[in-house]
Each structure stands twice: as structure tokens, then as C-alpha cells.
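Visitor: Could you take me through this fold, keeping to what can be read from the coordinates?

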Amino acid sequence: HRCSYKHFFQMLVSGYMEKYDIDEHIKGIRALYKSKVAAMQDAIAEFLPAGVTSTKPEGGLFLWLGLPGGVDSQPISSALVKEKKVAVVPGSAFMPDETKISSGIRLNYSMSDEEHLREGVRRIGEYLKEIGID
């Protein structure tokens with residue numbers, strides 16, 4: 001009787017979308033994420049060394065940093081998590097072979113407010129400068 005379950009959930013979603021304005025919700029979250037990514041990009045420009053590059057996302061919930069000179073982001077990402085209490089993910093986690101070196105670091109801007117995003121980027125910049133990345 002899988003059809004009855006499938007039909008039930010279709011009706012449930014349909015009812016939800018009729019009752020709540022899904023288009024308005026999408027408009028609101030798009031504005032929220034646009035504001036958050038802008039805050040993170042402003043903090044990157046202010047706090048990170050000039051040699052660090054960053055993406056300018058047109059969607060999604062993540063931004064990528066690129067470390068200069070092919071620096072391996074794995075030990076840096078681990079230190080950021082342990083020492084600076086900033087959650088980041090090294091680029092090697094997204095490679096088919098995690099033994100490959102990646103100079104990328106993925107940042108998420110969906111869960112934190114703008115103040116915490118700014119503070120996290122400040123800590124990243126502080127650490128990168130401490131280890132001599134310009």
C-alpha cells in the first residue's frame with residue numbers, strides 16, 4: 001500500500017503550501033542568506049590576508065577560501081576547529097581521494113548570525129597571520 005502513503009504525503013505538502021505562502025518564505029530566506037554572505041565577504045575583506053582568495057556565491061550556503069601557494073588546508077582546518085573554535089571543512093574532504101592536498105577551505109554561512117560569522121572570519125584571519133600566511 002505504498003501508493004496510499006505517497007498520496008498522503010503529497011496531500012500533506014499540498015495543504016502546507018496552500019496554507020503558508022511558500023513564495024514569501026523563499027523570498028525571505030533568500031534575503032537572509034544574501035545578507036549573511038555579504039557580512040561574511042565584508043569580514044573576509046577586512047580580516048583575511050591579501051593572499052587568501054574567496055568565492056562569490058550566487059546561491060547555496062557555502063563560500064570557499066583558497067590559501068596561497070598551494071598550502072595544505074587540512075592541518076590548518078584542524079587547528080582552526082581545535083584552537084580557534086571555528087568550524088570549517090578542508091577542501092580535501094570533497095575530493096574523491098582524500099589523500100590529495102587541497103588549499104581550499106569551505107565555510108558555511110547558513111546557521112550563524114552575522115555577528116558570529118564576522119567573529120569566525122576574524123579568528124581565521126588571526127590564525128592565518130599567526131602561521132605566516134600573508
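Guide: Two strands pair if DSSP finds at least two bridges between them, and helices (H or I, at least four residues) and strands (E, at least two) are DSSP runs, numbered from the N terminus. This is a predicted model, in which local features need pLDDT of at least 70 and side-chain atom pairs count only at pLDDT 80 or more, while totals for chains, interfaces and linings use all residues. Residues are numbered from 1 along each chain as its sequence is written, and side-chain values use heavy atoms, with hydrogens and water left out.

Visitor: Which residue in strand 2 is the bridge partner of T53?
Guide: Strand 1 and strand 2 run antiparallel and are joined by 2 bridges. In strand 2, the partner of T53 is G66.

Visitor: Is G66 buried or exposed?
Guide: The terms rest on relative accessible area, with buried meaning under 20%, exposed over 50% and partly exposed in between (1.4 Å probe, protein chains only). Contact means heavy atoms within 4.5 Å, and, not counting residues up to four places away in sequence, G66 touches G51, V52, T53 and S103. Because its relative accessibility is 15%, G66 counts as buried.

Visitor: What is the order of the strands in the open sheet?
Guide: Strand 2 and strand 4 run antiparallel and are joined by 5 bridges, with L63 standing opposite L107 in strand 4. Strand 3 and strand 4 (residues 104-108) also run antiparallel, joined by 2 bridges, and the partner of P90 in strand 4 is I105. The open sheet of 4 strands, with antiparallel pairing, therefore has the order 1-2-4-3.

Visitor: Which strands stand at the edges of the sheet?
Guide: The order 1-2-4-3 describes an open sheet. Each edge strand has a single partner strand, so one side of each is left without a neighbour in the sheet, and these edge strands are strand 1 (53-54) and strand 3 (89-90).

Visitor: What angle does the direction of helix 2 make with that of strand 2?
Guide: Axes are lines fitted to C-alpha atoms, for helices over the stretch in contact, and angles run from 0 to 180 degrees between N-to-C directions. Helix 2 (residues 22-47) packs on the sheet, touching strand 1, strand 2 (62-66) and strand 4, and its direction makes with that of strand 2 an angle of about 15 degrees.

Visitor: Is helix 3 oblique or roughly parallel to helix 4?
Guide: Angles under 35 degrees count as roughly parallel, over 145 as roughly antiparallel, 65 to 115 as roughly perpendicular and the rest as oblique. Helix 3 and helix 4 pack with their axes 11 Å apart, at an angle of about 120 degrees. That angle makes the arrangement of helix 3 relative to helix 4 oblique.

Visitor: How are helix 2 and helix 4 oriented to each other?
Guide: Helix 2 and helix 4 pack with their axes 9 Å apart, at an angle of about 25 degrees. The residues in contact include A39, M40 and A43 of helix 2 and L117, V121 and G125 of helix 4. Helix 2 and helix 4 are therefore roughly parallel.

Visitor: Which residues touch the most other members of the largest nonpolar core?
Guide: A nonpolar core is a set of buried Ala, Val, Leu, Ile, Met, Phe, Trp, Tyr and Cys residues joined through side-chain atoms within 4.5 Å. Helix 2, strand 2, helix 3 (73-83), strand 4 and helix 4 (114-130) each supply at least two residues of the largest core. Of its 24 residues, those touching the most other members are L65 and I124.
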